[in-house]
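Welcome! Please take a moment to look over the sequence and the 3D structure, and then we can walk through some of the features together.

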Amino acid sequence: MLEKEILEYLRKENDALRKYHTDAEQYYAKMKELEIYQAKLVRLLTKIEEKSQKVVVLFDGRDAAGKGSLIGSIAQYLNPKHCRTVALGRPTEEEKSQWYFQKYIKHFPRGGELVLFDRSWYNRAMVEPVFGFCTQNEYELFLETVTNFEDSLTRHGTHLIKIYLSVSKEVQNERFEKRRTDPLRQWKLSEIDMQAQAMWSEFSQKKRIMLERTHTPESPWHIIRSDDKHKARIEAMKLILRELDFEEQDSTVYLKADENILVSVEAELLR
């Protein structure tokens, strides 16, 4: 009996050890793949600096879609003198009295700078109307004017890339559960997060309207499915490199889009 117990114990230990090594190998393989594109982004930022280009990349999506971690991966090795992340909190009383876009404009890039927005003016297209943080008139006015605002921005020389991270309801719930139970992640869980699953349909309706009315040839949305965070990070980096005409494309670095991860707005609306 003792021999059987020992054998069973050793089997479990060996299974756990094999799983550890497999997980570790997969982790390091993913990190190596990520580093290839991170290195290309470092070189791209140098080009942006040399050419005094102005670049805005905004990331939107539901809560727990992976915006923060994706932006962190993009900015990880970039020179903070030429790359900034902007994540604005609730508007102040002064900002509430201003033109809606004004609080975002003051964070726009100077020449030679890349700015990454963790959420953006599109709060008014989804979060604010769902939770009653703006009036119906303010919401409609935003939808009527935002594309003109973006056209003016790009015509004055700023590159704008709009990325929407699309997470499934099931994966969003799994990530919320991790936030609830992991003491290192609990700070991420807000009152709004707690209501996100219950209000899934309301967000879906506003998302559909936003994509239908603000996806234009001049300022298109790029939809990245983000249930798999690693694949979403890779796809976002490839997209940025392609969109900014990275001149030193290395034939050994694969920049073609994965059509299972980067999908069209039409395909997203059908889902």
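Which residues line the largest cavity? Keep that in mind as you read on, and remember that this is a predicted model.

## The enclosed spaces

The structure holds three cavities of 30 Å³ or more. The largest cavity has a volume of about 70 Å³. Around the largest cavity you will find D60, G61, R62, D63, R119, M126, V127, Q172, A196, W200 and F203. Two elements, β1 (54–61) and α9, give two or more residues to this lining.

What classes of residue make up the lining of the largest cavity? Five are nonpolar, two are polar and four are charged.

## The largest pocket

Let us turn to the open spaces. The largest pocket offers about 1,400 Å³ of space. Its lining is made by 40 residues, and those nearest its centre are D63, L88, G89, R119 and N123. Several elements give two or more residues to the lining of the largest pocket: α2, α3 (93–96), α4 (102–105), β3 (113–118), α5 (127–131), α7 (169–181) and α8 (191–196).

By class, the lining of the largest pocket has 19 charged residues, 13 nonpolar and eight polar. You may recognise D63 and R119: they are among the residues that line the largest cavity, and they are also among those nearest the centre of the largest pocket.

## The second largest pocket

The second largest pocket holds about 560 Å³ of space. It is lined by 20 residues, with K30, K178, K229, H230 and R233 the closest to its centre. At least two residues of this lining come from each of α1 (2–50), α2, α7 and α10.

Which element supplies the largest share of the lining of the second largest pocket? That is α1, with six residues. Sorted by class, the lining of the second largest pocket has eleven charged, five polar and four nonpolar residues.

## Where α2 meets α10

Now for a pair of helices. The axes of α2 (residues 67–75) and α10 (residues 229–243) come within 10 Å of each other and cross at roughly 50°. The two helices are therefore oblique to each other, and α2 passes α10 in a right-handed crossing.

On the α2 side, the contact is made by S69, L70, S73 and I74, while α10 brings K229, A232, R233, A236, M237 and I240. This contact has six nonpolar, two polar and two charged residues. Two of its α10 residues, K229 and R233, take part in the contact with α2 and are also among the residues closest to the centre of the second largest pocket.

## Where α6 meets α9

Are α6 and α9 roughly parallel or oblique to each other? Their axes, from residues 136–155 for α6 and 200–214 for α9, come within 9 Å and cross at roughly 30°. The helices α6 and α9 are therefore roughly parallel to each other, and their crossing is right-handed.

From α6, the residues Y139, E140, L143, E144, V146 and T147 make the contact, and from α9 come K206, I209, R213 and T214. These residues divide into four nonpolar, two polar and four charged.

## A closer look at L269

To finish, find L269 in helix α11 (residues 265–270). Although L269 and S204 are 65 residues apart in sequence, their C-alpha atoms are 9.6 Å apart in space. Setting aside its neighbours within four places in sequence, L269 is in contact with R208, L211 and E212.

Notes
Residues numbered from 1 in each chain as written. Predicted model: local features only at pLDDT ≥ 70, side-chain atom pairs only at ≥ 80, totals over all residues. Heavy atoms only, no water. Axes fitted to C-alpha atoms, helices over the stretch in contact; angles between N-to-C directions. Helix = DSSP H or I, 4+ residues; strand = E, 2+ residues; numbered from the N terminus. Parallel < 35°, antiparallel > 145°, perpendicular 65-115°, else oblique. Left-handed = near helix turned anticlockwise from the far one by under 90°. Contact = heavy atoms within 4.5 Å. Nonpolar A, V, L, I, M, F, W, Y, C, P; charged D, E, K, R; others polar. 1 Å grid on protein atoms, 1.4 Å probe; cavity = no way out; pocket = protein on both sides within 12 Å on 5 of 7 lines; lining within 4 Å. Points joined across faces, edges and corners; volume = space filled by probe spheres on them.
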